[in-house]
Amino acid sequence: MSDPASRKVIEIGPFHPLLEEPVGFSLTVEGERVVAIDARMDYIHKGLERLAQERTYDMVPILLERICGICSVTHSVCFCHAVEDLLGVEIPARAAYIRTILGELERLHSHLLWVGLAGHFIGYNTVFMWSWKYREPVCDLFEMLTGHRQNSALPIVGGVRRDLPVEYFPEARRILDELAGQTARLTAAVLDDPVLSARLRGVGVLAREAALDFGVVGPTARAAGLATDVRRDEPYAAYAEVEWDLVTRDEGDVFAKAVVRLLEIAESIRILRQCFDRLPGGPINLGTLHVPRGEGIGRYEAPRGEDVHYVRSNGTNMPERLKVRAPSFVNIPSFKASCLGAPLADVLITLAACDPCYSCTERAVVLQDRRGGPLPGAPELLAASRRRTAELARELGRPPDLELE
Amino acid sequence: MDRLGEWLFFYLVFPGAVFAVALGLALSWVDRKVTALVQWRKGPPPAQPFWDVVKLLGKEVVVPEQGWAAGFLALPFVALAASVLAATLLWHAALGLPGGELGDLVVVFYLLAIPSAAVILGGAASGSPLGAVGASRDMKLALAYELPLAIALLVGVFQRRPLGGDEASAATLSLAGLLRFQELAGAVVERPSGLLALLVAFVCCHAKLGFVPFDLAEADTEIGEGALLEYGGPPLAMFKLTQAVLLATLPVLLVTVFWGGLGGAPGGLAAGAGKLVLLLVAMVLVKNTNPRVRIDQALRFFWGPVTGVALVALALARMGW
């Protein structure tokens, strides 16, 4: 079967039933065995980083909610973390709890969304429909608390914009209680299903070493035995004050990734209950803040893993530069370790198992040499990037991070 | 000339083309409705499968440039013709219609293999790589389930049991003969061998219908309908109709060989309809409580445990159990 003449290229995308967003995977197959994968991610670049540089610090979080269809809290709060890092301020306790509530509700509906899609990808449409049915009340709860099912427009630099309506908390607790029972049953059903086990165990294994090499984050890393979670490693919001457990698995296969997400649903519900019970009083933001010259880094544990935002300020009311590194950006390339050599049916569910989010990941890199010379390779680009970083450090008047040769 | 007219009526109207298609579309609505209820959806109105086919019939016929056009276009009709003929023979025997015996188990078995052969060839004729993957999967799947299905059907043929001091044995390939034997000696499914054989044949028919967990030849989220990928418009409508006719045929095969037929008397007919609906709903439930398996898993499943159980059932039948 290793005859190159029998190789065929199967195009998954840019539009394909497997994908909820446009992306192109070219799978080279011999029979059903995938021997090479090429990915193209240049269909949905929205230029949001550039747009953010034309908006005030107050407006940017609302814009950044639109980076991703799911992680709207993630990107806006992560940006706030970056600016708060620049400012060196702590947000009020009530704001921290409100951000935790928003973040965990988002994790809930994102994980339920993934479970449903994963079911759909392996032809298990009942799981798809049930999981999304359970997701509905979470989105309703989000709307009840913030006025919108996805985009709350709540996070601002220094806290949150509006308070949560406490009169809805009893209803919120009721929804959580119901959801806890439903998701526990769903988890048990998935864990006990022999056909699901046969279909997903040992499939698309990302070993611990490979996970470290690719620097994967979030459930993808935790399913490979890496106990990494920004909420635990560098607690923000109220995560240091509530009790919850980090879910990890050692197998690294698709089944482990599903198990990690299903068990994290229960942890999210646990965190939410504590937040609703303990929500402290006090102010919800720090009022108007002046952002001086400087730079800041924000980290945030998105449902898919660590999100990183970099913000540079020149002292005006708009960021001079915003850089977003979404978790899928590091998770997607790990398919090189987990997919090659596997049968087509396994590769497709493995590609979906890191819960890739393409519009978050989408970053344009245009390489153009107007002099017509050869295009720069990786070493030249790395050197150029280091030179630029040193220049910026000089401009900002701080010691360089890297010693240039 | 009279015989010919009668046969044409059987084939084209009842219980052939018109009846089988209408019943198949109605049963595919049952499939969709029960699926929807299992999945907490509302489901389509009863006429939806019919309108789906009407819509496809009104669409343009597109033939892929790199494919084998004649085969690509002819095969859906071959599939439909074969499945309608199988439906005619089975329903004719199951209802005990006049006009003598039209066919036997072997003919029906081969006729029922033609639709999947047509899908395989059609997928290959489309010239699409996904179609080729789908065709290859469908071919492996057919190889996997035909063997245990044949053995399971033989269990019906090899039935023998004591009857009034004497021994009765089916020992016939004729559909009507199998029914007569069951009328005399009781349904095959009442015996341990018959029950096992019915289970095996049920699983094989499930795979023949391309239902989850054996929908890997179409697998829309993997290979985008596989062999049917390049089909659209009327040729696709023919494959959809074939699917519907098979839905109205395969349960009848099971009922005829293992479960005493549909019965001639009105009360018997209602019981027969109940058997069909029961089998169909069982299939829909299996379909909705399983994920799709991989092709190697399907092969191992059919050639391993399923064939094993079929052989045990055959041995039991030979021993008169």
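This report covers one core, one helix and one sheet in a predicted model.

## Ground rules

Residues count from 1 along each chain as its sequence is written, while chains are lettered from A and ligands numbered from 1 in the order in which they are written. Local features need pLDDT of at least 70, side-chain atom pairs count only at pLDDT 80 or more, and totals for chains, interfaces and linings use all residues.

## The core around B:Ala152

The largest nonpolar core (buried Ala, Val, Leu, Ile, Met, Phe, Trp, Tyr and Cys joined through C-beta atoms within 7 Å) has 227 residues. "Buried" takes 20 or more other C-beta atoms within 10 Å of the residue's own, with C-beta atoms placed from the backbone. B:Ala152 is among those with the most contacts inside the core. Skipping neighbours within four places in sequence, its contacts (C-beta atoms within 7 Å) include B:Ala201, B:Ala310 and B:Ala313.

## Helix α13 of chain B

B:Ala310 and B:Ala313 also turn up among the buried residues of α13(B), a DSSP run of H or I, at least four residues long. Parts of α6 and α8 of chain B are included in what covers that buried set.

α13(B) has a kink of about 35 degrees centred on B:Thr307, the bend being the angle between axes fitted to the seven residues ending there and the seven starting there. After the helix comes B:Gly320, with a positive phi near 85 degrees.

## A small piece of chain A

Strands (DSSP E runs of at least two residues) β6-β7-β8 of chain A form, in that order, an open antiparallel sheet. Pairing takes at least two DSSP bridges; β7(A) and β8(A) have six.

Methods
A residue is buried if 20 or more other C-beta atoms lie within 10 Å of its own, exposed if 12 or fewer, and partly exposed in between; C-beta atoms are placed from the backbone. Two residues are in contact if their C-beta atoms, placed from the backbone, lie within 7 Å.
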